[in-house]
Amino acid sequence: MKEAKPVLMSWYVIVVVSMSNVLNCLHTYLISAMATSVQHDLKFSGGVEYALMIGPAFIFAKTCSAAPLGKLLETWNRVHLLVACMFVWSAMTALGGAAQNYGTLLALRITQGIFESGCVPIGQSLIFDMAPPGHLGTAMAIYTIGVYIGYGLAVGLGASLTAIYGWRVTLAGAGLLGLPLGVLTLLTVKEPGMIGRGAQHAPQKIVHHTDTSAFLSHWATSPGLLMLCFTCAFRNAGGSIWGYYMAGYYRSQGVSPGVLGEWLSWLPMWAGALGSFLGGFFADRALKWKPEGGRLLLLVFSCIISAPLMILAIVLPAPYSFLCLIPGYACAEMWLGVAMTIMVGLVPDRMRTSSVALYLFIVDNIGSFGLLFVRPIERGFGYQVAMLALVPGVYILAGVTFWGIQPLVARDLKRAMEINHQQDEEDLALNASDSLLKPIESIPRRMSAPAATDTILSKTDQALYGSIPKEEKIGENVEVELGVRPRRASTSMLRFRNASLTDILDMVPADVCWHRGHQCMVCTCTRPKRF
């Protein structure tokens, strides 16, 4: 019973933190469910002004504020920081209901985006620390599903409530939801600490600095990496257009708010969660089938298969359009995690964190400009043609481009693997020549290692640290900083003071990297890597 209470408390914290992600996505997409009413009341166009408010201005503020918030994440109490961000972005949402003109609503929206940028990295790092041993994947899945729940509530329930109470009351009411959730989080969730429950998953992180010129040089001389990023930005534009304009399009086709709420309150949640699961499931099998390009072909499959289903979802009347939207949405949502996994394999280990930050900046910001093209095409050819061209049309072009860049991606993948292999050999030689190899018992304690069944040392790490007898209970008798590749710090690095471009990018909290000493998918903090 004594062990059951901490486990139950862990799951309670996971659920509460996941609710903040639901609220985050609800406030982000709610404006799309009431777009027509807002535009009519505040007397601004549904073209560039609306697209700027939901796209480039909002996304740019959100991505640029990530760096300073990432710095605060390293030193501040994460629970207090999460609650503070939640209160501010919820207040901005609620105040939007009192806006009297477009400029005020735009300013509130930008401020909302600045503080929403802290939700995902803070929430994920807390979940990592609090997840029970062996259940981290389940905990992260619960948190991720919050994205689809929030989106479904925004476009489904939001449309129904707007029709009944009006957009001002709906927006203010949604914003006020942040108050009880913030108080609940503040009173019942405690900061586990940097070296706390997370020690059961991974060692403390060591950040390896990368020279800015080397970082930029690698990106500039990697055509496959650049083409992948810009194609993903193009593909993201199609998804953003559908996410923000779907409710408005169906309303223009005569679908009532009630019917819209009945379908969209649950459809994005289940179809999106299914798509995320299928993406991870098939990505692992595609890698076994074709190690050098299987995952890229999975991106092609996701784009090409989802396109005809989305065409049917656009041209058919309800409810047949929603029935086609279920498999179409699931296939379309497979691409995001797969694309991220491909990207991190195209850069050397020491550049992965900075590369993820730059990748997300490119994909989010360039992709958001696609929202500016909806209204011009609608005015010239109609709403349906605009949606067909900018959603399934974009999916098809992205799929063809993914197919065409296979040779470039394969070349960059081989190059990154060679650089990593060379770096491993240099590390081994440096540590051997400087007598840096120490017995496991003499390695200073930083935190307990994870269970032996959870972490298996790679061949390079075995050469660096030696093998660990299976009969020893790692975590109880052996205290070793597993997975960290020791590097000799140069004098110039020890004297380094000014922040470089990569240092700034390293501050950016991404969905897959938290910079709090935790195991992550893309950094050089732990071994083994599996991509």
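## The overall picture

The secondary structure of this chain comes to 26 helices and zero strands. Before going further, please keep in mind that the model is predicted. The chain has 531 residues, and 52% of them count as buried.

How do distant parts of the sequence meet? Take the contacts between residues at least 6 apart in sequence: 84% of these join residues at least 24 apart. On the outside, the chain exposes about 23100 Å², and carbon and sulfur atoms supply 67% of that area.

## A nonpolar patch on the surface

A good place to begin a tour is a nonpolar patch on the surface. Which residues form the nonpolar patch? They are Ile311, Leu312, Val315, Leu316, Tyr320 and Leu323, and together they have about 490 Å² of accessible area.

Two helices each supply at least two residues of the patch: H16, which runs over 294–315, and H17, which covers 320–332. The largest share comes from H16, with three residues. Leu316 sits in the loop between H16 and H17. With a relative accessibility of 31%, Leu316 counts as partly exposed.

## A cis bond in the loop

The loop between H16 and H17 also holds Pro319. A cis peptide bond joins this proline to Ala318, with an omega of about 5°. Most residues other than glycine have a negative phi, and most peptide bonds are trans.

Another backbone feature is found at Lys43, which has a positive phi of about 60° although it is not a glycine. Where is Lys43 placed? Its place is in the loop between helix H2 (35–42) and helix H3 (48–54). Is Lys43 buried or exposed? Lys43 is exposed, because its relative accessible area of 71% is over the 50% cut-off.

## Inside helix H16

Helix H16 has a buried side to its story too: Ser302 is placed in this helix, and its relative accessible area is 1%, so it counts as buried. Leaving aside neighbours within four places in sequence, Ser302 is in contact with Cys331, Ala332, Met334 and Trp335. One of these partners, Cys331, is itself buried, with a relative accessible area of 15%.

A little further along the chain is Leu336, found in helix H18 (residues 335–344). Leu336 is partly exposed, at 48% relative accessible area. Its C-alpha atom is separated by 8.4 Å from that of Cys232, although the two residues are 104 apart along the chain.

## Cysteines without disulfides

How many disulfides does a search of the whole structure find? The search finds zero. Cys85 is an example of a cysteine in no disulfide: the nearest cysteine sulfur belongs to Cys119 and is 8.5 Å away. A disulfide needs two cysteine sulfur atoms within 2.5 Å, so a separation of 8.5 Å does not qualify. Cys85 is also buried, with a relative accessible area of 3%.

For readers new to the term, a disulfide is a covalent bond between the sulfur atoms of two cysteines.

## Aromatic pairs and a cluster

The structure holds twelve aromatic pairs. One of them is formed by Phe60 and Phe361: the ring centres are 6.4 Å apart, the angle between the planes is 65°, and the pair is edge-to-face. Phe60 lies in helix H4 (residues 56–64) and Phe361 in helix H19 (residues 352–368), so this pair ties together parts that are 301 residues apart in sequence. Both rings belong to partly exposed residues: Phe60 has a relative accessible area of 44%, and Phe361 has one of 32%.

Trp242 and Tyr250 make another edge-to-face pair, because their planes stand at 80°, with ring centres 5.9 Å apart. Are these two residues buried or exposed? Trp242 is buried, with a relative accessible area of 2%, and Tyr250 is buried, also at 2%.

Trp242 and Tyr250 also belong to one aromatic cluster, together with Tyr249, Trp263, Trp266, Phe322 and Tyr383.

Definitions and conventions. Residues are numbered from 1 along each chain as its sequence is written. This is a predicted model: local features need pLDDT of at least 70, side-chain atom pairs count only at pLDDT 80 or more; totals for chains, interfaces and linings use all residues. Side-chain values use heavy atoms; hydrogens and water are left out. Buried means under 20% relative accessible area, exposed over 50%, partly exposed in between (1.4 Å probe, protein chains only). Patches are made of residues with over 30% relative accessible area and no salt bridge: like charges are joined within 9 Å, nonpolar side chains (Val, Leu, Ile, Met, Phe, Trp, Tyr) within 5 Å. Accessible areas come from the Shrake-Rupley method with a 1.4 Å probe; for residues, only the protein chains shown count as cover. A salt bridge is a side-chain nitrogen of Lys or Arg within 4 Å of a carboxyl oxygen of Asp or Glu. Helices (H or I, at least four residues) and strands (E, at least two) are DSSP runs, numbered from the N terminus. Contact means heavy atoms within 4.5 Å. Rings of Phe, Tyr and Trp (its six-membered ring) pair if their centres lie within 6.5 Å; planes under 30 degrees apart count as stacked, over 60 as edge-to-face and the rest as tilted.
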